[in-house]
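Biologist: Could you take me through one part of this model slowly, as you would for someone in their first year? I would like a close look at the place where the two chains meet.

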Amino acid sequence: MSELRRAWLITRKDLRLEFRTGGRLLSMIAFVVLAGFLFAFALDHNLVPGRDVAAALIWLVILFASTAGAGRIFDAEEEEGAFRHLLLTPVSRPAVFLGKTMANLIVIWLVTALTFISLTAFLDVRDQGSLTAHAAVLLPGTIGLAATGTFFGRMSRHSSLGDTLLPVLTFPLLVPVIYLGATSTARVLLERPWTEISGSVRLLWAFAVGSVFIGAALFRHLTDE
Amino acid sequence: MSTRARIAGLALVTAGVATILVTHWMMAFWVPSEAAQGVVQRIFYVHVPAAWTTFLAVGIVALASAVHLWLEDERADAAAVAAAEGALIFGAIMLITGPLWGRIAWGTYWTWEPRLTLTLLLWFTYLGYFLIRGSVADPRRGKRFAAVVAIVGSLNIPLIHVSVEMFRSLHPGPVVIKPEGPTLHADMLATLLTSLAGFTLLFLGLFTFRYAVERLRRRPLPAAAGEAGEALI
């Protein structure tokens, strides 16, 4: 059985657990809807039109929701001691990391779709630009978020600071993703030509591929018992 | 602490402090003022050596952390933690002196240009290094996690270096290490090099002391001391 197939089995197991229990997903969904709702009230629409800040708020909500949920991917297994058993199976550490990252990524995609719908609706963004262009920006950005969140989420599970530590570790590294993602999404919303966006998307892909490879290479050091 | 470490640390710190005092005399009475910026340019003689020392310390942390992950060598971890404290302190000096100069030269304390932003992020990563290290119950695991954070954080350094050339940047470019040679006035170059030597010696002295203390802290207590402790309890 190939490593990718093993990683996919871990993803399926995690997603099945996620959808059966639903706690993490439900709290992330509630967070993004309520955040969009609150932003709509916090903005003075006469001074700052929602459209002007929509891209930044979309990316910040995705970042906060994914960070809040990222560390939880290890919770159920950690409490039951199942993660140790997972490590005893003949699955390589990079495959475990890839499996966990993919599960996180699929959850983040659901949250991203909901964030996009709720924020464009609440902030009254009428022309939303091309859906394909949005997907082309969000795909590498969310891969970077999922890989970084999964990697440092594993660390924060063992820290007495718990969830408060995760933003300290991940936010400094995720600044490029937020900057490139938000500026690209803003341009897609304004229907600017793709040539203005393609450079940032290439950098987002570089970050995504780099974070997956570095995470897979170093994950062994976070799991050695 | 061994006598050798004590003598080496004391000699390096004394030499470093003396050289920094000489640099301050040169800054105040000897070096000419830069024509365009005037007196404020003298912050350069503190800011640049602080930045150099920070990156030297970060390099030591990354190297020692990689060795620790590879060989699980306690000495490498002690060296990493000693250098990381230096990176945090000298990094703070760099991040304070930069905005003081920027307020006069650029008209603002801070601007979100790439080199400043990436350097601030590097400093936050090292803050995370100490947080993860101190908050994990199993010390062996805490050291390993901190080493991983240090290695990931150090990937930022090449980006900081090339950011001035890659992006439009307000930050001044290099004036010493250039293919055509330094483009700095000879007296300014002498002051800068003296300051660089002073900061480096001070860092190496503090590093030597801190490393020796860290090794001492990890040394198991002699049996007699342990028994005495138990008797007290």
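Modeller: Happy to: we begin with chain A as a whole and then turn to its side that touches chain B. Please keep in mind that this is a predicted model.

Chain A is built from 10 helices and has zero strands. If you follow the chain from the N terminus, the elements read α-α-α-α-α-α-α-α-α-α. For overall size, the C-alpha trace spans about 60 × 35 × 30 Å along its principal axes. A compact globule of 225 residues would have a radius of gyration near 17 Å, so the 18 Å of chain A agrees with that expectation. Inside, 43% of the 225 residues of chain A count as buried. Contacts also link parts of the sequence that lie well apart: of those in chain A between residues at least 6 apart in sequence, 86% join residues at least 24 apart.

Now to the part you asked about. Chain A brings 14 residues to the contact, and chain B brings 18 residues. On the chain A side, three helices each supply at least two residues: α8 (165-189), α9 (195-218) and α10 (220-223). Of the elements of chain A, α8(A) gives the most to this side, with five residues. What kinds of residues make up the side of chain A that touches chain B? They divide into 10 nonpolar and four polar, with no charged residues.

So when you look at the picture, try finding α8, α9 and α10 of chain A, where you will meet residues that touch chain B.

Key. Residues are numbered from 1 along each chain as its sequence is written. Chains are lettered from A and ligands numbered from 1 in the order in which they are written. This is a predicted model: local features need pLDDT of at least 70, side-chain atom pairs count only at pLDDT 80 or more; totals for chains, interfaces and linings use all residues. Helices (H or I, at least four residues) and strands (E, at least two) are DSSP runs, numbered from the N terminus. The radius of gyration is taken over C-alpha atoms; the globule rule is 2.2 Å times the number of residues to the power 0.38. A residue is buried if 20 or more other C-beta atoms lie within 10 Å of its own, exposed if 12 or fewer, and partly exposed in between; C-beta atoms are placed from the backbone. Two residues are in contact if their C-beta atoms, placed from the backbone, lie within 7 Å. Ala, Val, Leu, Ile, Met, Phe, Trp, Tyr, Cys and Pro count as nonpolar, Asp, Glu, Lys and Arg as charged, and the others, Gly among them, as polar.
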